[in-house]
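The report that follows goes through one protein model from its covalent cross-link to its charged pairs, its core and its overall make-up. Please keep the sequence and the coordinates in view while reading.

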Amino acid sequence: MLSTTRTEIVVDGHRYVVRHTDARAEAVRVSVAKPADKRVMIATAAKAIERASACQIRAGTLYGDQVMAEAFLDCLGQNGVTLSPRTTWRP
């Protein structure tokens, strides 16, 4: 994602660097924060991704932790990517 569009954005007091293409995005929190709930930080990162990319996050594709989140995007007027389910191993 190094050669993609890069945006710095502040959401809910947290500063993120968001890199994205028309199909995929990642948000990295670069501000210091006390330990926070993972779900809250992923939701904040999702806001940063959608604001920086001007695209919606594709349902079921957002994942991450308190510092970094990644997602596939659904941008109007773009073909995007076709997501294919992968077989996962389960013990």
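Cys75 is buried in this predicted model, with a relative accessible area of 6%, and Cys55 likewise counts as buried, at 9% relative accessibility. Because the cut-off for buried is under 20% relative accessible area, both values fall in that class. A disulfide joins Cys55 to Cys75, with an S to S distance of 1.9 Å, and a search of the whole structure finds one disulfide. Cys55 lies in the loop between helix 1 and strand 4 (56–57), whereas Cys75 lies in the segment after strand 6, so the pair ties together parts that are 20 residues apart in sequence. The link of Cys55 and Cys75 is right-handed, with 105 degrees about the S-S bond.

**Charged pairs**

Side chains of opposite charge can pair when their charged atoms come close. How many salt bridges does a search of the whole structure find? The search finds five salt bridges, and three of the pairs, among them Arg24 with Glu70, are set out in the table with the accessibility class of each partner.

| Salt bridge | N to O distance | Relative accessibility of the partners |
|---|---|---|
| Glu8 and Arg15 | 3.0 Å | Glu8 44% (partly exposed), Arg15 35% (partly exposed) |
| Arg24 and Glu70 | 2.2 Å | Arg24 27% (partly exposed), Glu70 12% (buried) |
| Arg39 and Asp37 | 3.3 Å | Arg39 66% (exposed), Asp37 36% (partly exposed) |

The side chains of Arg24 and Glu70 meet in a salt bridge, at 2.2 Å from N to O. This pair links distant parts of the chain, since Arg24 belongs to strand 3 and Glu70 to strand 6, 46 residues apart. Glu70 is buried, with a relative accessible area of 12%, whereas Arg24, with a relative accessible area of 27%, is partly exposed. In the pair of Arg39 and Asp37, Arg39 counts as exposed at 66% relative accessibility, while Asp37 is partly exposed at 36%. Glu8 and Arg15 take part in a wider arrangement, for Arg6, Glu8 and Arg15 are linked in a network of salt bridges.

**The hairpin of strands 1 and 2**

Strand 1 (residues 5–11) and strand 2 (residues 14–20) run antiparallel and are joined by seven bridges. Which residue in strand 2 is the bridge partner of Thr5? The partner is His20. The hairpin of these strands has two residues between them, and Asp12 takes a positive phi near 50 degrees there.

**Val18 and the nonpolar core**

Val18 has its place in strand 2, and at 0% relative accessibility Val18 counts as buried. Leaving aside neighbours within four places in sequence, Val18 is in contact with Thr5, Arg6, Thr7, Ile9, Glu26, Ala27, Ala48, Ile49 and Ala52. One of these contacts, Ala48, is 30 residues from Val18 in sequence, yet the two are 7.1 Å apart in space, C-alpha to C-alpha.

Which of the 18 residues in the largest nonpolar core touch the most other members? These are Tyr16, Val18, Ile49 and Leu73. At least two residues of this core are supplied by each of strand 1, strand 2, strand 3 (24–29), helix 1 (38–53) and strand 6 (68–74). The largest share, six residues, comes from helix 1.

**The chain as a whole**

The secondary structure of the protein chain comes to one helix and six strands, and the order of these elements, read along the sequence, follows the pattern β-β-β-α-β-β-β. Of the 91 residues in the protein chain, buried residues make up 35%. Among contacts between residues at least 6 apart in sequence, 43% join residues at least 24 apart. The protein chain exposes about 6300 Å², of which carbon and sulfur atoms supply 52%.

Technical notes
Residues numbered from 1 in each chain as written. Predicted model: local features only at pLDDT ≥ 70, side-chain atom pairs only at ≥ 80, totals over all residues. Heavy atoms only, no water. Pairing = 2+ DSSP bridges. Helix = DSSP H or I, 4+ residues; strand = E, 2+ residues; numbered from the N terminus. Core = buried A, V, L, I, M, F, W, Y, C linked by side-chain atoms within 4.5 Å. Buried < 20%, exposed > 50% of the residue type's maximum accessible area, 1.4 Å probe, protein only. Contact = heavy atoms within 4.5 Å. Areas by Shrake-Rupley, 256 points an atom, 1.4 Å probe, with all protein chains shown as cover. Salt bridge = Lys/Arg side-chain N within 4 Å of Asp/Glu carboxyl O. Disulfide = S-S within 2.5 Å.
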